[in-house]
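Please open the model in your viewer and keep the selection tool ready, as this tour moves from one selection to the next and says what is found at each.

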Amino acid sequence: MADVPTVEIEMIGDTVCAWTWVGKRHLEEAMDLRKDTVKFEKRWRSVFLDDKFMGEKTKPHLDWLAGEYGTDVAKLMADKKLELFTMGWEKGIDFDTSRPMADSTRSHCLIHYAGSVGLDAQERLVEHLLRIHFRDAQNVNDVNVLLD
């Protein structure tokens, strides 16, 4: 791809935020539309969905959601009736509602390190972390999970 412009993208997300995975899919589709005319360099930056939720503790996601947004939202999540599920299904994503809510600091440190190895490594890691958290209901702050 010589002589094509490079577009640098900073993707800001959290490995425990479902909208990060849906947004990633939307961005990938948009990038695919221009892959022949533009070179993309995507870097991941961290943000915390809930910076009050730090440390070793975990909580069932639905309990956390009820505390943050109310029991009505938690019920819609449990019944998979939020728009998030429809948008996820359209992008090939199925969310496990039994996943834990956990601090994501360690996963962000790992993403940052992967970026120093290369953007492709970072991208593969982010996809893996999102998949194991949202599909497999794993705790992305657990050292043993991250070592796998």
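Two strands are taken to pair if DSSP finds at least two bridges between them. With that in mind, and remembering that this is a predicted model, begin by selecting strand β1 (residues 6-13) together with strand β2 (residues 39-46), which run parallel and are joined by eight bridges. The chain passes from β1 to β2 by way of helix α1 (residues 18-33), and this β-α-β crossover is right-handed. Within the pair, select M11 and look across to β2, where W44 stands opposite.

Stay in strand β2 and select R43. Is R43 buried or exposed, or does its relative accessible area place it in between? The relative accessible area of R43 is 26%, and because buried means under 20% and exposed over 50%, R43 is partly exposed. A C-alpha to C-alpha distance drawn from R43 to I9 should read 6.2 Å, although the two are 34 residues apart in sequence. If residues up to four places away in sequence are not counted, R43 touches E8, I9, E10 and M11, and also L119 and Q122. Of these partners, Q122 belongs to the residues of α6 that meet α5, a contact to which the tour comes below.

Next, go to helix α1 and select R25. R25 has 17% relative accessibility and therefore counts as buried, the cut-off for that term being under 20%. Again not counting residues up to four places away in sequence, R25 touches K91, I93 and E127. A second distance to draw runs from the C-alpha atom of R25 to that of M87, 62 residues apart along the chain, and the separation is 9.9 Å.

Now select helix α5 (residues 105-117) and helix α6 (residues 119-134), whose axes come within 7 Å and cross at roughly 155°. Since angles over 145 degrees count as roughly antiparallel, α5 and α6 are therefore roughly antiparallel to each other. To display their contact, show S107, L110, I111, A114, G115 and V117 from α5, and from α6 show A121, Q122, L125, V126 and L129. Coloured by class, the residues of this contact divide into eight nonpolar and three polar, with no charged residue among them.

Move on to H61, which is placed in helix α2 (residues 61-69). With a relative accessible area of 4%, H61 is buried. Which residues are in contact with H61, once its neighbours within four places in sequence are left aside? They are M77, T97, R99, P100 and M101.

The last stops concern backbone torsions in two loops. Select K80, found in the loop between α3 (71-78) and α4 (83-90), and check its phi, which is near 55°, a positive value in a residue other than glycine. K80 has 28% relative accessibility and so counts as partly exposed. Then select A137, which lies in the loop between α6 and α7 (143-147). The phi of A137 is near 60°, again a positive value in a residue other than glycine.

Methods:
Residues numbered from 1 in each chain as written. Predicted model: local features only at pLDDT ≥ 70, side-chain atom pairs only at ≥ 80, totals over all residues. Heavy atoms only, no water. Helix = DSSP H or I, 4+ residues; strand = E, 2+ residues; numbered from the N terminus. Buried < 20%, exposed > 50% of the residue type's maximum accessible area, 1.4 Å probe, protein only. Contact = heavy atoms within 4.5 Å. Right-handed = clockwise from strand over helix to strand, strands pointing away. Axes fitted to C-alpha atoms, helices over the stretch in contact; angles between N-to-C directions. Parallel < 35°, antiparallel > 145°, perpendicular 65-115°, else oblique. Nonpolar A, V, L, I, M, F, W, Y, C, P; charged D, E, K, R; others polar.
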